[in-house]
Amino acid sequence: MSHVLYPIKVIDIELSRPLVKIENLDGFMGLQALVRLHGIPIGYVSAPIIAGQVSAQTLSKLILEQHYQKIITHLLEKGLFKTPPPTGWKFEDLLDLPRLKWAGDWPIVTVAVCTRDRTADLELCLTGLVNIDYPRLDLLVIDNAPTSDATEQLIKSKYPRIRHVIEPRPGLDWARNRAIIEAKGEIIAYTDDDVVVDPGWVKALAQIFAEESQVMAVTGLVVPYELETEAQILFEKNGGFGRGFETKRYQFSRGAKLPWSFLATPWIIGTGANMAFRRSLFAQIGYFDPALDVGTVTNGGGDLEIFFRTLKEGHLLVYEPSALVRHRHRREYEKLKAQVENNGALFACFIREAIAYPNERLSLLRVALWLVRWWHLRNLFLSLMNASKLPRDLVLAEIRGSAIALTTYQKARQIAAEIEAAEGPLPPLEPIENSAPHKPQYPGGTAVRTLELTEAVTNPIADVIDYSSVRLFVTWKGAAIAHFDIPNNYQPISATHLRQLLSRKLGLKLLNPKRNISDEFREAEAIAYLRRYYKPTEKTQYQTPLSLPTNISASIVVATYSRPDDLYNCLTQLTAQKSPRQVEIIIVDNNPDSGVTPPIVAQFKDVILITEPRQGLAYARNTGITASTGDIVVTTDDDVGLPPGWLEKLLVPFARPDVMAVTGNVLPIEMETETQWLFEQYGEGGLGRGFKPFEGTGDWFRRSWRYAVPAWKLGATANAAFRSGIFSYPEIGLMDEALGTGMPSGVGEDTYLFYKIIKAGYTVAYEPQAFIWHRHRRDLPALRRQLHNYSKGIVAYQLTTLLRDGDLRSLLLLAIDTPNWHASRIKSRLKGQTDYPIHLVLYEALSHFPGPWSLLQSRLRVQREGYSEPYIPVSERSIH
């Protein structure tokens, strides 16, 4: 099973209100905010939680960095709704304009919820429905083949204004069809019983129908109601139900073959949890197909099929993100797995359309083969390469569902026919009057129209129904400043659509168009105004530098092997560290027979000495970790220098709950010999990792199928800290005893620990301010031994990820990337771009070859000497 960080706090941020600090976030691993401006969804921002809160400054920075263009576009749309001043709008004037309000007549809208024996979900849904802000609303619940009267009693007792109708024929599309028959409104809006609608949902849908008579269907944005379980976050990471934050319009010529872009990804149009139709549409194209969707053997596809049919018959469908609902994703993993398997119903939908539309059969076959190759097989390949967002069992479930769906439609169709024969057919819908299609005078022609920006854009362009497109010339005080073409497909162009097109295509040129400045300057000026306008008014900056709460304790583990002088210096600097928290220092003697370590430790009060006779750095550190009692376990070496303040700087990133490990920089304390200079050229700068903070995360782990995750870039356990709890997690555990110094394998125990942490979905933070000093090897023989161990360790580590984690990327690194790396270093030396000698590069390359044998010897040794005792959390130790 894949691992993700959860729970994530889900909130809305309304930009027309002051930004404030978000508090009381203890227990959450992150924050996901839906950013809105006057109710219009702009996009998401994800923010790290620090000390149980997210500051207003952080939110302001993230929102403007990620969404300033969308904010500008929305403000321009507002400005176009009003008559501008004689000199044109100034950007700062747009910021305080009120939200746009539709002034036309609202149609009657029937909201239909189809449900079956899910009263717990339904109650939350109905509570949202009765709070909808809409003047002409008809609320309807279709109770589909219920096994009890629980739904009816719920509605009678708590929601008397909602109509309750039983549809005895089982199947979601039977229930949807019953809603068409029972609807009082010309507009029917569908949602599901596990959805909570936004109060402005129906208005956003209805306005499009009211403004544009040619629109026959509207879908809307679906966002998560909560992200509190692994299953919910996995569903959202796989795309969820969201379809973006831009209004989109879909229409094709009636009967023409649908484009590949739609056939290959029909789900981009919307979902059945948020869709609305003119009732008259069904008189033209027919009811929902009762052989599809939940409650039948196909288990889905009813929404995609009706979208397909709507577009195939030449009607206009609009996706409008302002029509917002919140979906309660499946909380349990097994239910998510079943849902993912049901995604295969798309193939049942393809079978249905191939039967109904023979001219689409070849295209549908090509699309089906493409989906198998580029979706299913690609996802399976990515999962094998540890680069998939979904666990492999979910990938296999979706493949299985698609294979099953190829055989289910015919069976479902037969069952639907039997139900119809037993229950009777659905009543015919009355055809609309004057439904004959308009015959354009200029088929294929382009109309030429002008739009004057000194006037408010509140009227549609209605006299273009004889043209397939419109060339619109935009003028300012009679002078043309721009033009663009609008494909209108023989239909009027609404004022809302015009404002959207103008703001997107012309952008900030709409402001005082005669002003002779560059687009870049206009944008920079607008961003500066946004920063001032959305700067938090309350004082939310931390009054003191950020630090970890003092009630979090730390244990420092130092493994040593008969280096008394180095150990004395290390302990002197460790005990001089100033910290407001409880800190214990544990020295692990990895060569107790020498007897040189206890006299040194005895000179330092309260320092704990324990022994680990099994040679190996991982053995020694594991022994220290299992004996530690701190909330944070810090690891360092006995031969490093620790500057004042190092410890607290290393602990600061743990103020974020998603951070499970922190590493720091390692700098050379001296560069007095040529060998020390050479080591600083090794890799990407010796042991240092640079002077900018960065992070390794689960997404970073899975970002590429081709390249092995570069966990070695995260640092080393000579300067690292860990939340102690992770050592008891089955997917992480202690350090691998077969890797690291003191073992034939050479190195790799720290890199593999970082690998496991980010694979599990957690964060490893690199904090360069928490630096230590390291004395590099002074002579060439010592450096060669070190490089030999590094090269062996690279192979041992990569083989470990291959054999224990099934990470096939390691083979590509060993077979391709590592030889290429060495070749590039030789090439750089020949070009004079580096001083690193070729003989050392060749020595490193040859030292890779003992890696497999060294790993085998290390594994056999661990089997002989035994594994480390498991880490038991401090809270559980009193029980044992």
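Biologist: At what angle does helix 1 run to strand 3?
Modeller: Helix 1 (residues 56–80) lies across strand 1, strand 2 and strand 3; helices are DSSP H or I runs of at least four residues and strands E runs of at least two, numbered from the N terminus. This is a predicted model, with local features needing pLDDT of at least 70 and side-chain atom pairs 80 or more, while totals for chains, interfaces and linings use all residues. Residues count from 1 along each chain as its sequence is written, and side-chain values use heavy atoms, without hydrogens and water. Between N-to-C directions (scale 0 to 180 degrees), helix 1 runs to strand 3 at about 165°.

Biologist: Which strands form the edges of the sheet?
Modeller: The sheet is open, with 3 strands in the order 1-2-3 and mixed pairing. Pairing takes at least two DSSP bridges. Each edge strand pairs on one side only: strand 1 (8–14) and strand 3 (40–47).

Biologist: Which residue in strand 2 stands opposite Lys-9?
Modeller: Strand 1 and strand 2 (residues 30–37) pair in the parallel sense over 7 bridges. Opposite Lys-9, in strand 2, stands Leu-31.

Biologist: How does helix 25 lie to helix 27, oblique or parallel?
Modeller: The axes of helix 25 (residues 780–805) and helix 27 (residues 838–847) come within 8 Å and cross at roughly 40°. Under 35 degrees is roughly parallel, over 145 roughly antiparallel, 65 to 115 roughly perpendicular, and the rest oblique. Helix 25 therefore lies to helix 27 oblique.

Biologist: Which residues of helix 27 does helix 25 meet?
Modeller: Contact means heavy atoms within 4.5 Å. Helix 25 brings residues including Leu-780, Leu-787 and Lys-792. In helix 27 they meet His-839, Leu-840, Tyr-843, Glu-844 and Ser-847.
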